[in-house]
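Hello,

I am passing a structure on to you, and I would be glad if you could open it and keep it beside this message while you read. My notes come after it.

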Amino acid sequence: MQYNDYDSPWKDILENYFLEFLDFFFPEVGNAIDRNNNYEFLDKEFQQVVKEAEHGRKLTDKLVKVWQNGNEVWLLVHIEIQSFRDSDFAKRMFVYNYRIFDRYDRPVVSLALLTDNNRKWRPNSFEYGLWGSRTAIQFPVAKLMDWHERRNELEKSTNPFAVCTLAQLKAHDTANSPDDRRQWKLRLIRRLYEKGYARQDILNIFRFIDWIMMLPKKLEENFWQELRQYEEEKKMQYITSVERIGIEKG
């Protein structure tokens with residue numbers, strides 16, 4: 001049992017918790033931007049850049065306009081979420097970076113989050129050159145597999161991406177063990193309640209976990225029964241039948 005469509009839930013949760021994303025995976029960038037100025041997702045602009053590039057997939061990335069601490073200059077942060085090994089990945093980062101720079105004439109910071117389960121695959125640069133000419137890009141990379149042996153840290157953290165990271169890692173670990181996945185799925189969601197997340201945060205993160213940790217139909221029914229029983233015990237009915245239907249359709 002294997003599920004590979006992991007990009008969409010990562011992009012959705014990124015839009016809800018962009019600053020938390022930077023704080024968790026790229027703290028140097030998170031500390032450098034001006035949080036007093038609003039950031040802005042530039043989806044339409046980025047899709048036009050990608051369309052012109054005609055390179056790779058066209059629906060997997062995010063482009064965000066932020067402000068730099070202490071300056072009136074704005075930056076573009078280009079984020080790649082990659083869930084499988086791709087030999088053209090570094091080249092695609094290079095192409096998107098220079099095309100964004102060419103269109104906006106602004107510094108472009110390219111960041112890569114690698115959600116695949118290959119420990120050795122860590123593309124972080126691309127270059128080419130001939131006869132003394134050299135063109136290159138190097139970009140920071142966050143690798144989820146680096147957190148695999150740090151589960152205690154993830155469980156203690158209140159950052160939403162600690163939960164998301166643990167969910168993704170357990171999705172990989174339980175790919176061939178559906179019942180283990182069901183148990184971990186319930187455990188992760190129960191921790192959302194125990195940590196005192198607000199209702200909307202629980203719903204947002206729940207949708208991520210529910211998508212990442214898909215179950216066979218019978219186990220999914222068992223999972224919902226256990227979750228409903230837990231909510232009744234805690235007197236916290238957050239996920240209603242209407243919301244469940246919406247999540248399933250999504």
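What follows is a short account of the salt bridges and of one further residue.

Please bear in mind that this is a predicted model, in which local features need pLDDT of at least 70 and side-chain atom pairs count only at pLDDT 80 or more, while totals for chains, interfaces and linings use all residues. Residues are numbered from 1 along each chain as its sequence is written, and the side-chain values use heavy atoms, with hydrogens and water left out.

I began with salt bridges, where a salt bridge is a side-chain nitrogen of Lys or Arg within 4 Å of a carboxyl oxygen of Asp or Glu. Counted by this rule, there are 20 salt bridges.

One of them joins the side chains of Lys65 and Glu40, with 3.4 Å from N to O. This pair links distant parts of the chain, since Lys65 belongs to strand S2 (residues 61-67) and Glu40 to strand S1 (residues 40-41), 25 residues apart; helices (H or I, at least four residues) and strands (E, at least two) are DSSP runs, numbered from the N terminus. Glu40 has a relative accessibility of 37% and therefore counts as partly exposed, given that buried means under 20% relative accessible area, exposed means over 50%, and partly exposed lies in between (1.4 Å probe, protein chains only).

Another salt bridge is formed by the side chains of Lys170 and Asp173, at 3.6 Å from N to O. Both residues lie in helix H7 (residues 160-173), and they are 3 residues apart, which is about one turn of the helix. Lys170 is buried because its relative accessible area is 13%, whereas Asp173, at 40%, counts as partly exposed.

The third pair I looked at is Asp210 and Lys185, whose closest N and O atoms are 2.6 Å apart. Asp210 sits in helix H9 (residues 199-212) and Lys185 in helix H8 (residues 178-194), so this salt bridge ties together parts that are 25 residues apart in sequence. Asp210 counts as buried at 11% relative accessibility, and Lys185 is buried as well, with a relative accessible area of 0%. Elsewhere, Glu15, Asp43 and Lys62 are joined into one network by salt bridges that share partners.

Finally, you may like to find Gln200, which also lies in helix H9 and is partly exposed because its relative accessible area is 45%. Leaving aside residues up to four places away in sequence, Gln200 touches Tyr17 and Arg207, where contact means heavy atoms within 4.5 Å.

With best wishes
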